[in-house]
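Got the viewer open? Grab your mouse and follow along, one selection at a time.

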Amino acid sequence: MTTFKYKLSSRTGPITIEDYRRRARHAVPDMIWAFIDYGAEDLTTLQANRSAFGRYALRSRVLVGNEDVDLSTQVAGERLSLPVLMSPAGLAGLAHWTGERGAAQAAERAGTLMVLSTAASYSYEEVAAATEKDHFFQLYPYHDPVSPTGSLQNGLTQSLIRRAKKSGYKAMFVTVDTPVPGNRESERTRGMGKPPVLTPKRIAEAALKPQWAYGFVKHRRVSLRNLVDEVGMKAAIDGISKQEKLFRPEMSWDDFAWMRDQWQGPLYIKGVLDADDAERAVDMGANGVVVSNHGGRQLDGAPATLDALPAIAKRIGDRAEVLLDGGVRRGTDVIKALCLGATAVCVGRPYFYGLAVNGPAGAEHVINIFREEMRRAMTLMGVKAVKDLGPEWLLSAGAPIPA
Ligand SMILES: Cc1cc2nc3c(=O)[nH]c(=O)nc-3n(C[C@H](O)[C@H](O)[C@H](O)COP(=O)(O)O)c2cc1C
């Protein structure tokens, strides 16, 4: 009698980041999806981030006796089990009510860390209290919405840094690619302008996602918690609605120097695409740079981060850490970024997809997908450890291999 070797199952869970993306799209209302997944203007940079990875092929060597692959790496002196961190992304409570708290717990279960956003729906203190490891935090050097003409050395920025320090955060990531908000037309046309526009149709559509709607209404993790703690709910909402009250187009390198003075731990500058800027930041005491275009949410037409990476890594890679984010969706994408000089990558939308589909367990699974894909790909390439990855492992996709 023949027996089936494989068990047939009707349960087919997500197994790739793209699977999570497809499911997340249906797990949250349209306007929330627009906030998570779209970008600025024509989405040129958003798409460029993804397609840049396709221009490279991976070299492979056979019969190297590759029994185990070492993915571990170090960022800001912290050991990570794989070179993938969670990017700072605000209002994760809109993807799932557990928000950044659930995602940070997921990160540490998966052996990595989160960079917690200033604009998070959980405060620096709440996430610190709910996690065992010390994570990293991101700083938006906001205007104080109560006195928006004040200098950077206002109470607000200083207080945010002080709070993060007191809560045990290990490294500060200063985001510098947001002098003004990006022109996110796709969000506006779907009701996610500032402030959001609710219509009966949009409310009805949200109600048709009962699981999401229940968490949203019960826990109401929809505000910028750090800011609310500082200035109160009314001023925080006012700041979010009239964003010119929060953003700071006048920010300069003098402000960066001031922030360096305020924070004695490792400091990363996030949102750099130009090697001269990266060099200047490192000369001024930055310990690392995040090559980022904010996931295509700011300047549409900015280059893909993978294209900006080699020049920056060449200029500062011997004296500072170089991280990259934007469009990383596969273990092989991480490998390509590491070959081009990154120490590690950060991912933003992928863990939002995980949260939207299955809460913190989904976010943890997303990180573990990257781990499994990297391990398999490096075994197939014949590379034993991430420290061994370099440009010699890359080829041009679609071109004959040089003789
Ligand atoms: C929903 C969402 C919110 C974000 N909020 C922030 C933020 O508060 N601070 C910040 O520095 N970057 C923020 N970013 C940008 C991310 O840190 C990161 O640069 C980007 O998501 C990387 O691209 P990826 O989503 O393709 O991985 C946000 C991104 C998304 C998708």
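Start by selecting Ala164, which sits in helix 6, residues 155–166. One thing to keep in mind as you click around: this is a predicted model. Is Ala164 buried or exposed? Buried, because its relative accessible area is 0%, and the cut-off for that label is under 20%. Now add Val272 to the selection and draw a C-alpha to C-alpha distance: you should get 23 Å, for two residues that are 108 apart in sequence.

Next, jump to Thr175 in strand 7, which covers residues 172–175. Thr175 counts as buried, because its relative accessibility is 2%. Show side chains here and pick Gln138 as well: the side chains of Thr175 and Gln138 are joined by a polar contact of 3.0 Å.

Thr175 is also your way over to the ligand. Of the 25 residues around the ligand, Thr175 is among those that come nearest, together with Pro88, Ser117, Asp325 and Arg329. Select those five and the ligand, then work through some distances.

- Pro88: look at the backbone here, where a polar atom lies 2.6 Å from an oxygen atom of the ligand.
- Lys270: go to the side chain, where an N or O atom is 3.0 Å from an oxygen atom of the ligand.
- Ser292: a polar side-chain atom is 3.3 Å from an oxygen atom of the ligand.

How much of the ligand does the protein bury? Taken alone, the ligand exposes 600 Å², and 98% of that is buried by the protein.

Now bring up the whole shell around the ligand and color it by residue class: you'll see 9 nonpolar, 11 polar and 5 charged residues. Which helix gives the largest share of that shell? Helix 16 does, with 3 residues. To find it, select 349–381; then select 30–37 for helix 2, as both helices supply at least two shell residues each.

Last stop: switch on cavities. The structure holds 1 cavity of 30 Å³ or more, and the volume of the largest cavity is about 30 Å³. To see what lines the largest cavity, select Val127, Ala128, Thr131, Lys133, Asp134 and His135, then add Ser167, Gly168 and Tyr169. Color this lining by class too, and you get 3 nonpolar, 4 polar and 2 charged residues.

Key
Residues numbered from 1 in each chain as written. Predicted model: local features only at pLDDT ≥ 70, side-chain atom pairs only at ≥ 80, totals over all residues. Heavy atoms only, no water. Near = heavy atom within 4 Å. Polar contact = N/O pair within 3.5 Å; in protein donor to acceptor, adjacent residues only side chain to side chain. Areas by Shrake-Rupley, 256 points an atom, 1.4 Å probe, with all protein chains shown as cover. Helix = DSSP H or I, 4+ residues; strand = E, 2+ residues; numbered from the N terminus. Nonpolar A, V, L, I, M, F, W, Y, C, P; charged D, E, K, R; others polar. 1 Å grid on protein atoms, 1.4 Å probe; cavity = no way out; pocket = protein on both sides within 12 Å on 5 of 7 lines; lining within 4 Å. Points joined across faces, edges and corners; volume = space filled by probe spheres on them. Buried < 20%, exposed > 50% of the residue type's maximum accessible area, 1.4 Å probe, protein only.
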